[in-house]
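Colleague: Before we discuss this model, may I see the sequence and the structure? I should then like to ask how each descriptive term is justified.

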Amino acid sequence: MIEIIDKLKDIIPDGKIYLNEPMKKHTSFKIGGPADVLVIPQNRDELLNVISLLRKENIPFFILGNGTNLLVSEKGIRGVVIKLSSLKNVIVEGDTIIVESGAPLSYIANVALLHELTGFEFAGGIPGTLGGAIVMNAGAYGPEMKDVVEKVEVLDEEGNILVLANEEMRFSYRHSIIQEKDWIVLKAWLNLSKGKYEEIKSKIEELNARRKEKQPLEYPSAGSTFKRPPGYYAGKLIEEAGLKGYSIGGAKVSEKHCGFIINTGNATFYDVVNLIEHVQKVVKEKFGVELIPEIKIVGEK
Ligand SMILES: Cc1cc2nc3c(=O)[nH]c(=O)nc-3n(C[C@H](O)[C@H](O)[C@H](O)COP(=O)(O)OP(=O)(O)OC[C@H]3O[C@@H](n4cnc5c(N)ncnc54)[C@H](O)[C@@H]3O)c2cc1C
């Protein structure tokens, strides 16, 4: 590992390489043990060079957006975590926003607003990055990323840069082709339409207010814990199963929105995993419905 760190230092500037970095500092759940190494590439070339080095040296790596859909284990992540938060260049060409994958969705929504482009309001309150949102086909209040993505530039497992059209992304509910492959989203073209500043602004404000009213934003979480089972709402099933406010250690089924498991302060990885399993078991017993986690559970078990 020491050798690798020296090689990483040739690519990434000082101060952007962290050793034994607690992942709880980089996840919205505020849970997770150390990553052996965490790096923050400052531009696309640094990202491509780091990936090429790690692949050549056979070092495992994990791509981190904003860590808002993740539950990281207590033992943390072996190898290198590559955090994309500095890759957020954006260009606006007509009705299209071309943006790098580390850009926060709220930032892109603001760019759209300033250019009076409508269609991205739904994503403004989702706390992830563009890359994470494309991987997850994130969505809210109806629209999903698949409705605005025109094409996506990815790095494949062999180091080729490909541009995939929307139809090639295999978008479906909280799913895209990136979850099936070892690919990295580099940037995307978002196709929006002309709108009016005041209307776009009030739509964003209205959706944010709805979020604040319905979701337990005052506690750490990773958003909706489970996918929506076909024909049901996970939160409603959990509430009807009598699990509102049910807790294990510091992990609790939110009283404000039963679809969210929250960290009330000192939740461990196992508190959350045990609570997920308990909720799945009770809902299965009562309603015969299988709840599948939407959040990604990662790290050394
Ligand atoms: C309070 C709250 C509210 C939320 N509301 C919503 C909502 O309304 N709708 C919704 O869909 N989600 C919601 N989420 C979940 C989450 O914000 C989304 O899934 C978001 O898209 C994740 O983005 P991220 O950058 O944080 O990804 P991360 O959590 O960092 O990563 C998620 C996955 O994507 C991979 N990944 C990230 N970037 C890349 C990349 N560039 N290339 C390849 N792989 C990559 C990671 O390796 C990981 O497997 C919410 C979460 C919270 C905490």
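Modeller: Let us begin with the polar contact, a pair of N or O atoms within 3.5 Å; within protein, one must be able to donate a hydrogen and the other to accept it, and residues adjacent in sequence count only if both atoms are side-chain atoms. The model is predicted, so local features require pLDDT of at least 70 and side-chain atom pairs pLDDT 80 or more, whereas totals for chains, interfaces and linings use all residues. Residues are numbered from 1 along each chain as its sequence is written, and side-chain values use heavy atoms, with hydrogens and water left out.

Colleague: What makes the approach of Gly-65 to the ligand a polar contact?

Modeller: A backbone N or O atom of Gly-65 lies 2.8 Å from a ligand oxygen, which is within the limit, so the pair qualifies. Thr-68 also qualifies, because a polar side-chain atom of this residue lies 2.6 Å from an oxygen atom of the ligand. At Gly-139 the ligand atom is a nitrogen, 2.6 Å from a polar backbone atom of that residue.

Colleague: How much of the ligand does the protein bury?

Modeller: The protein buries 93% of the 980 Å² that the ligand exposes when taken alone; these areas come from the Shrake-Rupley method with a 1.4 Å probe.

Colleague: Which elements give two or more residues to the shell around the ligand?

Modeller: They are strands E3 (61-64), E11 (184-191) and E13 (221-224), together with helix H4 (130-136). Helices (H or I, at least four residues) and strands (E, at least two) are DSSP runs, numbered from the N terminus. H4 gives the most, with five residues. In total, 36 residues surround the ligand, a residue being near when one of its heavy atoms lies within 4 Å. Ile-63, Gly-67, Thr-68, Thr-129 and Gly-139 are the closest. By class, the shell has 18 nonpolar, 15 polar and three charged residues.

Colleague: Why is strand E9 called largely enclosed?

Modeller: Five of the seven residues of E9 (residues 149-155) are buried, so the rest of the structure largely encloses this strand. Buried means under 20% relative accessible area, exposed over 50%, and partly exposed in between (1.4 Å probe, protein chains only).

Colleague: How do you know that E9 and E11 pair?

Modeller: Two strands pair if DSSP finds at least two bridges between them. E9 and E11 have six, in the antiparallel sense, so they meet the criterion. Val-149, for example, has Leu-190 in E11 as its bridge partner. E9 also pairs in the antiparallel sense with E10 (residues 161-165), over five bridges, and Val-152 is partnered there by Leu-164. Five residues lie between the strands of the E9 and E10 hairpin, in which Gly-159 takes a positive phi near 90 degrees.

Colleague: Why are Arg-78 and Glu-300 said to meet in a salt bridge?

Modeller: A salt bridge is a side-chain nitrogen of Lys or Arg within 4 Å of a carboxyl oxygen of Asp or Glu. The N to O distance for Arg-78 and Glu-300 is 2.5 Å, so the rule is satisfied. The pair links distant parts of the chain, 222 residues apart: Arg-78 is in strand E5 (residues 77-83) and Glu-300 in the segment after strand E17 (296-298). By this rule the count of salt bridges comes to 20.

Colleague: What ties Asp-95 to Lys-194, and how does the accessibility of Asp-95 compare with the class of Lys-194?

Modeller: Their side chains meet in a salt bridge at 2.4 Å, N to O. Asp-95 lies in the loop between strands E6 (90-93) and E7 (96-100) and Lys-194 in strand E12 (residues 193-194), so the pair ties together parts 99 residues apart in sequence. At 27%, Asp-95 is partly exposed; Lys-194, at 58%, is exposed.

Colleague: Which residues do salt bridges with shared partners join into one network?

Modeller: One of the salt bridges is that of Lys-146 and Asp-147, at 3.2 Å, N to O. Lys-146 is partly exposed at 33%, as is Asp-147 at 45%. Salt bridges that share partners join Glu-144, Lys-146, Asp-147, Arg-174 and Glu-294 into one network.

Colleague: Why is Pro-143 called partly exposed?

Modeller: Its relative accessible area is 30%, which falls between the two limits, so the term applies. Pro-143 lies in the loop between H4 and E9.

Note on methods. Nonpolar A, V, L, I, M, F, W, Y, C, P; charged D, E, K, R; others polar.
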